[in-house]
Amino acid sequence: MKKHWWKESVIYQIYPRSFMDSNGDGIGDIPGIISKLDYLKDLGIDVIWLSPVYKSPNDDNGYDISDYRDIMDDFGTMADWELLLKEMHDRGLKLIMDLVVNHSSDEHEWFVESRKSKDNPYRDYYIWRPGKDGKEPNNWQSTFSGSAWQFDENTGEYYLHIFSKKQPDLNWENPKLRQEVHEMMKFWLDKGIDGFRMDVINFISKVDGLPDAPNPEGKKYVSGSRYFMNGPKIHDYLQEMHREALAQYDVMTVGEMPGANVEEAKLYTDDSRNELNMVFQFEHVDLDSGPGGKWDLKPLKLTDLKNNFTKWQKGLEDIGWNSLYLNNHDQPRMVSRFGDDKEYRVESAKMLGTFLHMLKGTPYIYQGEEIGMTNVRFDSIEDYKDIETLNMYNEKVNQNGENPAKVMESIYVKGRDNARTPFQWDDSEHGGFTTGTPWLQVNPNYTAINAEQAVEDESSIFHYYRKLIQLRKEHPVIVHGSYDILVPEDESIYVYTRTLESQKLLVLLNFTNEDQSFDIPADLQGKKNEILISNYEANTEYGSAISLKPYEAIVYLIQ
Ligand code: TEU
Ligand code: CA
């Protein structure tokens, strides 16, 4: 049995376009990342998940790959990448790369060939269908608005693209395509990487026939996700991928799985099934979405969050393993979404970090989370870059005539550019990210929120995160302890325990900007206790009740 190093690790996600620009073109790059590895080593993380750096026309900022075996010009050269890997390994840091194989770019040579003719050897690397009744082959919508099908004049057929028109879905029914993917994975594994994050990997198996989805409201297009999420052959494909590409390497895998539930995640991450080590599930980041999807804003109820995390903590307690995240390059900034990015920004960022890092599973830190970077509010839609946002705005405002201010408000709350504003390194122009003009504007609050200030300030979120990460190395109960929730019905505080033999952690989290209190259960009263970490200097006595200040977090070690 391989030692599961990834169970004790803390993983940091870098979105390279926005991390650090070394050559003044306003775009982050690999030499820029290399220049900041000591900062990451100082934070104490173990693994870096690097969002795609492969050749791409950047229709979806690198998630549309035109050459899986070469580095995007914006980011540098393969020599730069080789140096990055060496510099990371020299510092004891591991690197996992982003595997984007549900789709490629339409500029990939496979697709260039595929669209040439119906009998081209690469035709079946993609999903082509004739139209139906003069329209698209079915009524599926694209995640990025409009139809999930694009008509191609050359051969008079449509190709499927769940995402943008420039991201044609690969045909995993084709064993030659699957073999191409396995070979490409070994190309990177043989270079010495330590694993993969796999982009929408539970989308790769589609239901035969690609049927129309139910459309009771007679919409133009509807989600076809029930026909491509967790599809009929997904486990076969993942087990084949493990056999053909992963088994002979000591690596970790985390599969991004929109629409996966606990039962499915148990199958995907059950060690004995040789599929994946972890999954990124989406249930907790869909709790503040209404029936209309992510842009249909709904206030988050704390009990919904508590119930969902409890379901996943208990569900994967004995089989499988949880990934723990509250933000990434697709989600808004966690302090703005789950905390308070105004009066209690520092306290709530530390509270949320405590919440995640004391749970059972592997915590993921998204770049900037460790210094409490916040959402952004640009004045105009012209200032936004994300294809998902721009296509949605165009469809809702320009095509359907919805209220621009209302649509902008949903972008302020849920837009992906919130997470993609350049990393704020210091209070110099553009936050020290670039000496040029940044590809996306820097959040104006960089003068107060930046890494230089955070590293100098012992009471910063950065140093609090360093301590959270350090605690994980010192206390096995954090990695292996069983989870139980207390006061599940309380809408203001989240209290849970972790238990390993005689050791117990009591984690108290105030999710509100008001004083709260927690009555210590009799069986925990009078015990020897020690505060492992807290986001306030002074805490109340560990008596029969504990009062919690706004967004206060306290972790007691009880023995
Ligand atoms: O995201 C998959 C995905 O479903 C997201 O698009 C998410 O649902 C949406 O962004 C919520 O706003 C992966 C990548 O993480 C994302 O950056 C890519 O755009 C997408 O796949 C296509 O590769
Ligand atoms: Ca650059």
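Is D29 buried or exposed? In this predicted model, D29 counts as buried, because its relative accessibility is 2% and the cut-off for a buried residue is under 20%. D29 is also one of the protein donors of the calcium ion, ligand 2.

The calcium site is a good place to start. Its protein donors are D21, N23, D25, I27 and D29, at distances of 2.2 to 2.4 Å from the ion. D21, D25 and D29 each donate through OD, and N23 through OD1, whereas the donor atom of I27 is O. Along the chain these donors follow the spacing D-x1-N-x1-D-x1-I-x1-D. I27 is buried too, because its relative accessible area of 11% falls under 20%.

The next stop is ligand 1. This ligand is surrounded by 17 residues, and the closest are D60, D199, K294, D330 and R416. Sorted by class, the shell holds nine charged, five nonpolar and three polar residues. Several side chains come up to oxygen atoms of the ligand. For D330, a polar side-chain atom lies 2.4 Å from a ligand oxygen; for D60, the corresponding distance is 2.6 Å. The side chain of H329 has an N or O atom 2.9 Å from an oxygen atom of ligand 1. On its own, ligand 1 has 490 Å² of accessible area, and the protein covers 93% of it.

From there, turn to T374. This residue sits in the loop that runs between β15 (362-366) and α11 (387-399). Where does a residue in a loop lie, at the surface or inside? T374 is buried, because its relative accessible area is 4%, which is under 20%. Leaving aside residues up to four places away in sequence, T374 touches R333, V335, S336, D341, R345, N418, N443, N445 and I449. With one of these, N445, the side chain of T374 makes a polar contact of 2.9 Å.

The loop leads into α11, the last part of this tour. The buried residues of this helix are I387, E388, T389, M392, Y393 and V397. Why can buried residues recur at intervals along a helix? An α-helix has 3.6 residues a turn, so residues three or four places apart point the same way. Among the elements that cover the buried residues of α11 are β13 (293-297) and α12 (404-414). Just after α11 comes G401, which takes a positive phi of about 70°.

Conventions:
Residues are numbered from 1 along each chain as its sequence is written. Chains are lettered from A and ligands numbered from 1 in the order in which they are written. This is a predicted model: local features need pLDDT of at least 70, side-chain atom pairs count only at pLDDT 80 or more; totals for chains, interfaces and linings use all residues. Side-chain values use heavy atoms; hydrogens and water are left out. A residue is near a molecule or strand if one of its heavy atoms lies within 4 Å of it. A polar contact is a pair of N or O atoms within 3.5 Å; within protein, one must be able to donate a hydrogen and the other to accept it, and residues adjacent in sequence count only if both atoms are side-chain atoms. Accessible areas come from the Shrake-Rupley method with a 1.4 Å probe; for residues, only the protein chains shown count as cover. Ala, Val, Leu, Ile, Met, Phe, Trp, Tyr, Cys and Pro count as nonpolar, Asp, Glu, Lys and Arg as charged, and the others, Gly among them, as polar. Helices (H or I, at least four residues) and strands (E, at least two) are DSSP runs, numbered from the N terminus. Buried means under 20% relative accessible area, exposed over 50%, partly exposed in between (1.4 Å probe, protein chains only). Contact means heavy atoms within 4.5 Å. Donors are N, O and S atoms within 2.8 Å of the metal (3.2 Å for Na, K and Ca); water is not among the atoms, so sites may look incomplete.
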